Amino acid sequence: MSRTTSDDGEASVAVGAEESRRAAVLRPLVQAYLNGAGSLESGINDAVWELGVSRATVWRWIKRLAEEGGRSSALAPRKRGRPAGTTLISGKVEAVIEEHLRRYYLRRERS
């Protein structure tokens with residue numbers, strides 16, 4: 001996946017050939033998934049074989065394509081994990097932890 005910068009300074013994602021190929025294979029399955037049309041098993045099996053990925057990955061991609069209106073960019077690799085700056089505890093709890101660390105563990109050693 002490559003990034004390009006437009007005249008207004010905004011970065012846009014250029015969809016690669018692999019994402020386009022995946023989308024072409026998966027779009028009929030996405031339509032069947034959205035329409036609730038029968039069993040997708042044979043189509044899923046064909047996609048697994050053609051794309052060389054697991055069934056779970058094929059389902060994940062189908063759902064992503066469905067959520068994002070079938071755009072190929074939905075299949076671009078995503079960074080894993082929490083977004084930068086995400087905190088799991090509140091500021092008050094963080095302050096209590098920091099205070100206790102300072103008070104009990106970050107003391108000067110006796111000489």
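## Threonine 57 in helix H3

Threonine 57 is located in helix H3; helices (H or I, at least four residues) are DSSP runs numbered from the N terminus. This is a predicted model, in which local features need pLDDT of at least 70 and side-chain atom pairs count only at pLDDT 80 or more, while totals for chains, interfaces and linings use all residues. Residues are numbered from 1 along each chain as its sequence is written, and side-chain values use heavy atoms, with hydrogens and water left out.

With a relative accessibility of 14%, threonine 57 counts as buried (under 20% relative accessible area, against over 50% for exposed and in between for partly exposed; 1.4 Å probe, protein chains only). Its side chain makes a polar contact with the side chain of arginine 60 at 3.0 Å (a pair of N or O atoms within 3.5 Å; within protein, one must be able to donate a hydrogen and the other to accept it, and residues adjacent in sequence count only if both atoms are side-chain atoms).

## Aromatic pair

A search of the whole structure yields 1 aromatic pair. The ring centres of tyrosine 33 and tryptophan 59 lie 6.0 Å apart with planes at 70°, so the pair is edge-to-face (centres within 6.5 Å, with the six-membered ring used for Trp; planes under 30 degrees apart are stacked, over 60 edge-to-face, the rest tilted). The pair joins distant parts of the chain, 26 residues apart: tyrosine 33 belongs to helix H1 (residues 17–35) and tryptophan 59 to helix H3 (residues 55–67). Tyrosine 33 is partly exposed at 34% relative accessible area, as is tryptophan 59 at 24%.

How values were computed
Helices (H or I, at least four residues) and strands (E, at least two) are DSSP runs, numbered from the N terminus.
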